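Please walk me through how this protein is packed inside and what its surface offers. Begin with the interior, then move outward.

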Amino acid sequence: MRFVDITGVPDFECYEFKPKNNDYCLLIPILNEKGRILPELQRAVASGVADICDIIIIDGGSTDGCCEDNLFEYGVNTLLIKTGEGKQGAQLRCGFFYAEMRNYTGYITIDGNNKDSIEDVGQFITKLEEGYDFIQGSRYMKGGSHNNTPLGRQIGVRLIHVPTISKAGKYKFSDTTNGFRGYSSRYIAHKELKIYRDVFSGYELLAYLSVRAGQLGLRVTELPVERSYPKKGKTPTKISPIKGGLNLLKILRNTVKGKYNPVTEER
């Protein structure tokens, strides 16, 4: 099945291995994660995650063969392959659009590089069922943990990103760049959010979603999670140290100035 020419949603292909089975879904954006996504999915199956939410993989155009395995054997419900323009934000727009089509009650997102404690998905579902609209996973709050996090990243997140997003989002966060999150369907469909816009191509959408829930008066909270980087070898990330870091600062500035807010954009 192909989805094309939908306003604000990149073109994508859809491969449904199973029908909708749960009220919640887990959206996993990936790009060239061979050797990492399957171990993560195996952990999800072993911990029962695949039984409590539908796992939806959103591939951004991988060339390393990471989507050539029989993903349905690893608990995957649906595979979406983005064929249109854009990076992570574009992938998430595909995922949210598809999830809204299926009428899920809430959505959890997690990176597909096997760094995060996917076993904690159930905690996010619990918070969504309690009525929260945005749940941020935090490695830094009490009960959370992190291993081998690059020092530069820790400094940037805790001294710059966290206080800036916290002030703009009207909630005292302890972690703001972690992609392990929960969203209510009410939040994503909010008339003053409007995520289906091409401005959300890369990491803009993550920053925007972090601040907008609090600004709209919705219920926000954090949950402790674990994030582990490998002790040796290349750090599994799509953010380059210099160019990527500068881009994140630009996105942060635009976010707190409200440049992604729909009202501001229309002026």
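Contact here means heavy atoms within 4.5 Å. The model is a predicted one. With that in mind, take Phe-96. Not counting residues up to four places away in sequence, Phe-96 touches Leu-27, Tyr-107, Thr-109, Tyr-183, Ile-188, Ile-195, Tyr-196, Leu-205 and Leu-209.

Next, the core around Phe-96. The largest nonpolar core has 40 residues. Phe-96 is among the members that touch the most others, along with Phe-12, Tyr-107, Tyr-183, Tyr-187 and Leu-209. Which elements each supply at least two residues of this core? On the strand side they are β2 (12-16), β3 (24-30) and β4 (54-59). On the helix side they are α3 (88-101), α5, α6 (185-188), α7 (204-215) and α8. The largest share, 7 residues, comes from α7.

Apart from this core lies another, of 30 residues. Its members include Ile-37, Ile-55, Cys-67 and Leu-79.

Now the surface. Ile-155, Leu-159, Ile-160, Leu-246 and Leu-249 form a nonpolar patch there. Together they have about 490 Å² of accessible area. Two elements give two or more residues to the patch: α5 (151-169) and α8 (243-256). Helix α5 provides the largest share, 3 residues. Both helices also appeared above, since α5 and α8 each supply at least two residues of the largest core.

Look last at Leu-246, in helix α8. Is this patch member buried or exposed? Leu-246 is exposed, because its relative accessible area is 56% and exposed means over 50%.

Definitions and conventions:
Residues are numbered from 1 along each chain as its sequence is written. This is a predicted model: local features need pLDDT of at least 70, side-chain atom pairs count only at pLDDT 80 or more; totals for chains, interfaces and linings use all residues. Side-chain values use heavy atoms; hydrogens and water are left out. Patches are made of residues with over 30% relative accessible area and no salt bridge: like charges are joined within 9 Å, nonpolar side chains (Val, Leu, Ile, Met, Phe, Trp, Tyr) within 5 Å. Accessible areas come from the Shrake-Rupley method with a 1.4 Å probe; for residues, only the protein chains shown count as cover. A salt bridge is a side-chain nitrogen of Lys or Arg within 4 Å of a carboxyl oxygen of Asp or Glu. Helices (H or I, at least four residues) and strands (E, at least two) are DSSP runs, numbered from the N terminus. Buried means under 20% relative accessible area, exposed over 50%, partly exposed in between (1.4 Å probe, protein chains only). A nonpolar core is a set of buried Ala, Val, Leu, Ile, Met, Phe, Trp, Tyr and Cys residues joined through side-chain atoms within 4.5 Å.
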